Amino acid sequence: MSKVLSAVAWPYANGPRHIGHVAGFGVPSDVFSRYMRMAGHDVLMVSGTDEHGTPILIAADEAGLTPQELADQNHRMIAEDLTALGISYDLYTRTTTRNHYAVVQEMFRGVHENGYFVEKTTYGAISPSTGRTLPDRYIEGTCPICGYDGARGDQCDSCGNQLDPHELKDPKSKINGETPEFIETQHFFLDLPALADALTEWLDEREASGTWRPNVIRFSQNILKEIKPRAMTRDIDWGIPIPLEGWQDNPTKKLYVWFDAVIGYLSASIEWARRGDDPEAWRAWWNPASDSGEEALSYYFMGKDNITFHSQIWPAELLAYSGRGDKGGGLHAFGHLNLPTEVVSSEFLTMEGRKFSSSKRVVIYVRDLLSRYQPDAFRYFVASAGPENQDSDFTWSEFVRRTNDELVAGWGNLVSRTATLIAKNFGQIPPAGEFTVEDRRLLDLVEGTFPAVGDLIAAHRQKQAIGQAMRAVAEVNKYVTDSEPWTLKSEDQRERLGTILHVLAQCVVDLNLILSPFLPFSANAIHAVFGGTGEVQPMPRIDEVDDLDGGAGYPIITGDYTGARAWGRSPLQVGTPISKPTPVFTKLDTAVVDEELARLGG
RNA sequence: GGGGCGGUAGCUCAGUCGGUUAGAGCAAAGGACUCAUAAUCCUUGGGUCGUGGGUUCGAGCCCCACCCGCCCUACCA
């Protein structure tokens, strides 16, 4: 048994999240975490809302709010969405807590003391009215090469050339139209070249493990070839202060949002421990096994656009903090911090063949989807048709089809016919008599599905895992048809009838457990149908908490997942009363396809 | 422009070390059945594996070129 850290990408607080976001990091991380708990591992699942950076400032200005007010609103909304999806975080927090500020500043100081920051003067654009950095993408002007007047600061969309913003003719801020000012400014750069050897060694060892998705490991190794120092500070007034004399109180110098966001995995683990019995408990997931006696594994879940930050920037910060690069260095308060065991990156979900775009209304927000459909229907779609190894397309017709023809007609129907047959004939789970060869074969097949599906989930092959489970569902449906229990009406056939229904009930209860990491809500409902407590899969909840260090209170997602069932068959309780169930899954009217398409922008 | 990943049945996707006649689910057509949310089960049809070359006894898989899609190449996150 191991300590397993499920580190889930931090949603950005500039607005509500759409289903593409949660398809990439949410559902896969939750399926994995729920399974790992059932397999007996000690899982710590953390994430939170990422609330710093320029886009938050801009969104706040547009909404007439302060950045903190905007972040407060969006943090709450995102937390509600993730809870409604059933994502079983031990702690879902945010980056504007005092705890996070303190952890980030400790990391900065450690990296700085170990010598992995270099100070450099750069030439950059600022907005004269606010003094804030104006990132390249927010500058537009006339391309000096082709004369196109809508060129962005970094690239001209017309001729495709890469540009420097100060080369643009007639540059303008896209935010307020003013002319940017180009100034010299001092920043701290993370000395990535001094960490490149250590990163290479780590990636080579990870590649040798053979567990990473091939494109993720190849991409990670490739970006290492052109590694260069990256600025970890910005001219901005919204962010975490730089904890150094002369910088600390500068209102317009802050840490780069990505420097702080990835540290969230650590700060959330520490916050979780501080809210529990032992404030040092986080170390079992972060420090090497020799310190805690138990193997510590860490899995990071995200979309492919975040690979750089998880396979380069974050491991570099960890290495630098614990003095493991070319420049050496010492250990600090957090000790020797583990590098990621695996970076599990999803590809992208598209929407009806197009990229998601809030402005063009090619989008469906998580809360809109969940207000009209069951969370498990969406989770089923993502698990079976999501962007696991390549981009995949969400279409309403495919969503309706998967829900109706696979989830309802395949699995829902098996649950329904099994419970109804038992309710009508016995009213309780009957005892089994002698098993036939067919009974044995089916029982063995279903029991063998536990390790098969479990191994696939552990290897992050969830599409194949749920496919395997659904094939077992089909086998059980076939068994019902072949054994024709409805024809066994006479008294001398009653024992055989009871045996068939006992076998069926056992298989359905088993399959419910196997499907429960994917379909936690319906797993609980089905558990209740078969006489259980309805608590096969514990659910997350939102708590309103105080800031641990005197800041403003905020909502978190947390939960008690210690009740997770073991991954394997548990025998039926003969005599458990069963009544005719109401349908667990809602069949969708095909008219919803047109209704939903009408909501999308042209 | 550079780096990476992908293109296989109407749709969504598997395809291991290069090895028999390229598979699954859904959709379609026909049949069986009635316990079940008209659900289930059986059978059948369906493919120039993006295009063009090459290596090989043998290529979906390896090599070269090209076409198409996506991600990265940002002081956006």
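Trainee: Hi! Which residues are linked with Arg401 in a network of salt bridges?

Mentor: Arg401 shares that network with Glu398, Arg402 and Glu406. A salt bridge here is a side-chain nitrogen of Lys or Arg within 4 Å of a carboxyl oxygen of Asp or Glu. Before we go on, this is a predicted model, where local features need pLDDT of at least 70, side-chain atom pairs count only at pLDDT 80 or more, and totals for chains, interfaces and linings use all residues. Residues are numbered from 1 along each chain as its sequence is written, chains are lettered from A and ligands numbered from 1 in the order in which they are written, and side-chain values use heavy atoms, with hydrogens and water left out.

Trainee: Got it. How many salt bridges does the structure hold?

Mentor: There are 29. One of them joins the side chains of Glu596 and Arg372, at 2.8 Å from N to O. That pair links distant parts of the chain, 224 residues apart: Glu596 is in helix α19 (residues 591–599) and Arg372 in helix α12 (residues 366–372). Helices are DSSP runs of H or I with at least four residues, strands are runs of E with at least two, and both are numbered from the N terminus.

Trainee: Is Glu596 buried or exposed?

Mentor: Glu596 is buried, because its relative accessible area is 2%. Buried means under 20%, exposed over 50%, and partly exposed in between, using a 1.4 Å probe and protein chains only. Arg372 counts as partly exposed at 31%.

Trainee: Which other salt bridge does Glu596 make, the one at 3.2 Å?

Mentor: That one is with the side chain of Arg599. The two are three residues apart in helix α19, so about one helical turn separates them. Arg599 is partly exposed, at 41% relative accessibility.

Trainee: Switching topic: where does Thr341 lie?

Mentor: Thr341 sits in the loop between α11 (307–321) and β13 (342–346). Its relative accessible area is 13%, so Thr341 is buried. A polar atom of the Thr341 side chain lies 2.8 Å from the backbone nitrogen of Ser298.

Trainee: And the surface? Which residues gather in a patch of negative charge?

Mentor: Asp197, Glu201, Asp204, Glu207 and Asp326 do. Patch residues have over 30% relative accessible area and no salt bridge, with like charges joined within 9 Å and nonpolar side chains (Val, Leu, Ile, Met, Phe, Trp, Tyr) within 5 Å.

Trainee: What about Asp204, which helix is that in?

Mentor: Asp204 is part of helix α6 (residues 196–209). Asp204 counts as partly exposed because its relative accessibility is 39%.

Notes
Accessible areas come from the Shrake-Rupley method with a 1.4 Å probe; for residues, only the protein chains shown count as cover. Lys and Arg count as positive and Asp and Glu as negative; His and the chain ends are not counted. The place of a charge is taken as NZ of Lys, CZ of Arg, CG of Asp or CD of Glu. A polar contact is a pair of N or O atoms within 3.5 Å; within protein, one must be able to donate a hydrogen and the other to accept it, and residues adjacent in sequence count only if both atoms are side-chain atoms.
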